[in-house]
Amino acid sequence: MKNTLIAPSVLSADFANLQRDIEMINNSDADWFHVDIMDGVFVPNISFGMPVLEAISRHAKKTIDVHLMIVNPDQYIKTFAQLGANNLTVHYEASTHLHRTLQAIRAEGMKAGVAINPHTNVNLLEDVINDIDLVCIMSVNPGFGGQSFIENTYAKIRKLKEIITRNGASTLIEIDGGVSDKNAVQLVEAGADVLVAGNYVFRAENPVTTIAGLKKLTAI
Ligand code: DX5
Ligand code: ZN
């Protein structure tokens, strides 16, 4: 049975009750905290920055999975390590020297992630696949929670899984955007290891039960 990792996206939390929502994740079947950092340049939205991540780290008792949607991610690698990030994911489209960036992330003791936008071909990652701990396939255009899932994602997962296997890599495949009980099983069947869920979890009547349901559904 597969242990699919569930990563609620803090972007959809209630920021006026952030500690409550962090404790909710601590006390749920969730595996990771997914934390979206947006700069208003790489994506058309600004989320939150260092002080908020620092506050999250103070209370979070699970892996902190930071998804950077910012230009020039290299200049903040050390800072994010100090703020408590366990995984640091940069966007392929924002990285000029991706190989160097991945080395720098690992040198700070973090897992190195690469996120790709819906238009980016997974084949572009083949030459660095052994340097990547986590590929985040965006199943929406990054910038906002609550968008509709892009169906082409399944084909991308299958292609990426084939690249990972062929190269003997142990890279995890994470899916981010529009994930719910409607597509979770199909995503895992295609090869997904980690499911990020924002609105599906936080807009639910009972987020803890919803996380438990997703965890159970994807143990296939
Ligand atoms: C989008 C973010 C996602 C977002 C997912 O740019 O990277 O992590 O929070 O939210 P949902 O699950 O609501 O699509
Ligand atoms: Zn994200």
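This passage walks through a predicted model of a single chain, from its overall build to the surroundings of its ligand and then to one of its helices.

Overall, the chain folds into eight helices and eight strands. Its radius of gyration is 16 Å, close to the 17 Å that the globule rule gives for 220 residues, so the chain is as compact as a globular protein of that length. Laid along the principal axes, the C-alpha atoms fit in a box of roughly 45 × 35 × 30 Å. Of the 220 residues, 45% are buried. Contacts also reach well along the sequence: among those between residues at least 6 apart, 65% join residues at least 24 apart.

Next comes the ligand. Ligand 1 is surrounded by 22 residues, and the closest are Ser-9, Pro-142, Gly-145, Gly-198 and Asn-199. Three elements give two or more residues each to this shell: strand S2 (32–38), strand S8 (194–197) and helix H7 (199–202). In terms of chemistry, the shell is made up of twelve polar residues, eight nonpolar ones and two charged ones.

The UniProt record, an unreviewed entry, adds some labels. Its "binding site" feature falls on His-34, Asp-36, His-67 and Asp-176. These positions are spread over 143 residues of sequence, but they cluster in space, with a largest C-alpha distance of 10.5 Å. The "active site" feature in the unreviewed entry lists Asp-36 and Asp-176. Although this pair spans 141 residues in sequence, their C-alpha atoms are no more than 10.5 Å apart, so the two gather at one spot.

What do the surroundings of these annotated residues look like? Asp-36 sits in strand S2, one of the elements that give two or more residues to the ligand shell. Asp-36 counts as buried because it has 25 C-beta neighbours inside 10 Å, and 20 are enough for that label. Beyond its close sequence neighbours, Asp-36 is in contact with Ser-9, Leu-11, Ser-47, His-67 and Met-69. Ser-9 from that list is also among the closest residues to ligand 1, while His-67 is another of the "binding site" positions in the record.

His-67 belongs to strand S3 (residues 63–69). With 29 other C-beta atoms within 10 Å, His-67 is buried. Its contacts, leaving aside residues within four places in sequence, run to His-34, Val-35, Asp-36, Ile-37, Thr-89, Ala-115, Cys-136 and Asp-176. His-34, Asp-36 and Asp-176 in that list carry the "binding site" label in UniProt along with His-67 itself.

Asp-176 is found in strand S7 (residues 172–176). There are 25 other C-beta atoms within 10 Å of Asp-176, so this residue is buried too. Past its sequence neighbours, Asp-176 touches His-67, Cys-136, Met-138, Ser-139 and Val-196. Cys-136 thus turns up in the contact lists of both His-67 and Asp-176.

The last stop is helix H4, which covers residues 98–107. How are its buried and exposed residues arranged? Leu-98, Thr-101, Leu-102 and Ile-105 are the buried ones. They cover an arc of only 100° around the axis, which puts them on the same side of H4. The face turned away from that side carries the exposed residues His-99, Arg-100, Gln-103 and Ala-107. On the inner side, the buried residues pack against helix H3 (77–82), strand S4 (87–91) and strand S5 (111–116).

Leu-98 gives a closer view of that packing. This residue counts as buried because it has 20 C-beta neighbours inside 10 Å, and the cut-off is 20 or more. Apart from residues up to four places away in sequence, Leu-98 touches Tyr-92, Val-114 and Val-128. Val-114 falls within strand S5, one of the elements that the buried residues of H4 pack against. Leu-98 and Asp-131 are 33 residues apart in sequence, with their C-alpha atoms 9.8 Å apart in space. After H4 comes Gly-109, which has a positive phi near 85°.

Terms used. Residues numbered from 1 in each chain as written. Chains lettered and ligands numbered in written order. Predicted model: local features only at pLDDT ≥ 70, side-chain atom pairs only at ≥ 80, totals over all residues. Near = placed C-beta within 6 Å. Helix = DSSP H or I, 4+ residues; strand = E, 2+ residues; numbered from the N terminus. Nonpolar A, V, L, I, M, F, W, Y, C, P; charged D, E, K, R; others polar. UniProt positions renumbered as here; feature names shortened; annotations may be inferred. Buried ≥ 20, exposed ≤ 12 C-beta atoms within 10 Å, placed from the backbone. Contact = placed C-beta atoms within 7 Å. Arc of directions from axis to C-beta. Rg over C-alpha atoms; globule rule 2.2 N^0.38 Å.
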